[in-house]
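Work through the exercises below with the sequence and the model side by side. Try each task before reading its solution.

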Amino acid sequence: MLCAVYHGPRKIRVEERPEPIIEPGGMLIRVLACGVCSTDVKTLLRGHPLIKPPAVLGHEVAGVVTRLGESTKGFKVGDYVSVSPYISCGSCYYCLRGEETLCENLFKVRIEPGGFSEYISVPRKIVEKGCVKINGIEPEYACLTEPVACCIHSLAKSNIGQGDSLVIIGSGIMGLIHLQLAKRLKTSKIIVVDLREDRLKVALNLGADIAVNPSTE
Ligand SMILES: [Zn+2]
Ligand SMILES: [Zn+2]
């Protein structure tokens with residue numbers, strides 16, 4: 001199978017690799033869409049302390065189940081799924097406090113080799129807790145499950161709700177997802193701040209009440 005392999009800052013090559021092995025309870029997914037996260041871009045441009053090359057980046061994955069491991073439950077070949085790239089352990093200090101995103105073992109159970117690959121192997125724990133069926137949703141949209149989940153988590157943490165006004169600093173992808181989710185929460189005024197006019201325009205089109213460019217006003 002082909003993968004885009006990161007070999008260090010500004011070095012990425014498409015290479016042939018053997019298909020990953022599926023563990024019992026796991027499954028093999030053919031990747032149909034993988035979002036390009038800012039983390040991927042930043043890693044590619046200047047490296048990342050936790051991502052050692054060679055590595056296959058990409059963690060916003062949607063695809064189709066092509067093979068099941070021994071005794072895998074809950075999915076069948078042909079199911080369209082959105083896949084969490086890794087999963088919290090459920091038993092460390094942070095997991096026990098409900099702070100799963102700070103899990104000490106967060107990257108131990110993960111998809112192999114990474115989303116910028118033709119196929120990924122999904123381990124049992126992620127099959128059980130980190131895969132959702134997306135039958136009927138275009139993979140190009142479904143692969144945004146992970147960033148949307150991050151933004152839902154962020155809004156829940158900030159306790160934003162009906163009638164609150166909200167300032168969103170930055171109207172890149174995450175800012176724009178926050179904006180669209182906040183509208184659904186029936187917030188009152190949403191103010192979006194960005195240095196880029198093109199992005200502010202998108203924010204206004206998506207329902208921001210006020211767009212502020214601090215470099216000009
Ligand atoms: Zn991401
Ligand atoms: Zn944990």
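**Exercise 1. Place D79 and trace its charged partners.**

Solution.
- Step 1: Start with exposure. This is a predicted model, and in it D79 has a relative accessible area of 2%. Buried means under 20%, so D79 counts as buried.
- Step 2: Find a partner. D79 forms a salt bridge with K133, at 3.9 Å from N to O.
- Step 3: Locate both ends. D79 sits in the loop between β5 and β6, and K133 in strand β8 (residues 131-133). The two are 54 residues apart, and their pairing links distant parts of the chain.
- Step 4: Check the exposure of K133. Its relative accessibility is 46%, which counts as partly exposed.
- Step 5: Widen the view. Salt bridges with shared partners join K76, D79 and K133 into one network.

**Exercise 2. Describe two other salt bridges, those of E19 and E15.**

Solution.
- Step 1: Recall the principle. Side chains of opposite charge can pair when their charged atoms come close.
- Step 2: Take E19. Its salt bridge is with R67, and the closest N and O atoms are 2.8 Å apart.
- Step 3: Locate this pair. E19 lies in the loop between β2 (12-16) and β3, while R67 belongs to strand β5. They are 48 residues apart, so this pair also links distant parts of the chain.
- Step 4: Add exposure. E19 is partly exposed at 36% relative accessibility. R67 is partly exposed at 41%.
- Step 5: Turn to E15. It pairs with R13, with 3.3 Å between the closest N and O atoms. E15 is partly exposed at 21%, and R13 is partly exposed at 47%.
- Step 6: Give the total. The whole structure has seven salt bridges.

**Exercise 3. Name the protein donors of the zinc ion and say what they tie together.**

Solution.
- Step 1: Identify the atoms. The protein donors are SG of C37 and NE2 of H59, lying 2.1 to 2.4 Å from the zinc ion (ligand 1).
- Step 2: Place the residues. C37 is in the loop between β3 (27-35) and α1 (38-46), and H59 is in the loop between β4 (55-56) and β5 (60-68).
- Step 3: Draw the conclusion. These parts are 22 residues apart in sequence, so the pair ties them together.
- Step 4: Check exposure. Both C37 and H59 are buried.

**Exercise 4. Which elements supply the largest nonpolar core?**

Solution.
- Step 1: Size the core. It has 16 residues. M27, I29, V83, I120 and V122 have the most contacts inside it.
- Step 2: List the suppliers. β3, β5, β6 (80-83), β7 (119-122) and α3 (124-129) each give at least two residues. The largest share, four residues, comes from β3.
- Step 3: Look for another core. One of 15 residues lies apart from it, with C151, I160, L176 and L181 among them.
- Step 4: Inspect I120. Beyond its neighbours within four places in sequence, its contacts include P20, M27, V61, V83 and I111.

**Exercise 5. Is Y6 buried or exposed, and what surrounds it?**

Solution.
- Step 1: Find Y6 in strand β1 (residues 2-6).
- Step 2: Read its relative accessibility, 2%, which makes Y6 buried.
- Step 3: Look past the neighbours within four places in sequence. Y6 is in contact with residues including K11, I12, L44, I51 and L57.

**Exercise 6. Find the surface patch that contains V41.**

Solution.
- Step 1: Locate V41 in helix α1.
- Step 2: Note its relative accessible area of 38%, partly exposed.
- Step 3: Add its companions. V36, V41 and L45 form a nonpolar surface patch, with about 250 Å² of accessible area together.

Key:
Residues are numbered from 1 along each chain as its sequence is written. Chains are lettered from A and ligands numbered from 1 in the order in which they are written. This is a predicted model: local features need pLDDT of at least 70, side-chain atom pairs count only at pLDDT 80 or more; totals for chains, interfaces and linings use all residues. Side-chain values use heavy atoms; hydrogens and water are left out. Donors are N, O and S atoms within 2.8 Å of the metal (3.2 Å for Na, K and Ca); water is not among the atoms, so sites may look incomplete. Buried means under 20% relative accessible area, exposed over 50%, partly exposed in between (1.4 Å probe, protein chains only). Patches are made of residues with over 30% relative accessible area and no salt bridge: like charges are joined within 9 Å, nonpolar side chains (Val, Leu, Ile, Met, Phe, Trp, Tyr) within 5 Å. Accessible areas come from the Shrake-Rupley method with a 1.4 Å probe; for residues, only the protein chains shown count as cover. A salt bridge is a side-chain nitrogen of Lys or Arg within 4 Å of a carboxyl oxygen of Asp or Glu. A nonpolar core is a set of buried Ala, Val, Leu, Ile, Met, Phe, Trp, Tyr and Cys residues joined through side-chain atoms within 4.5 Å. Contact means heavy atoms within 4.5 Å.
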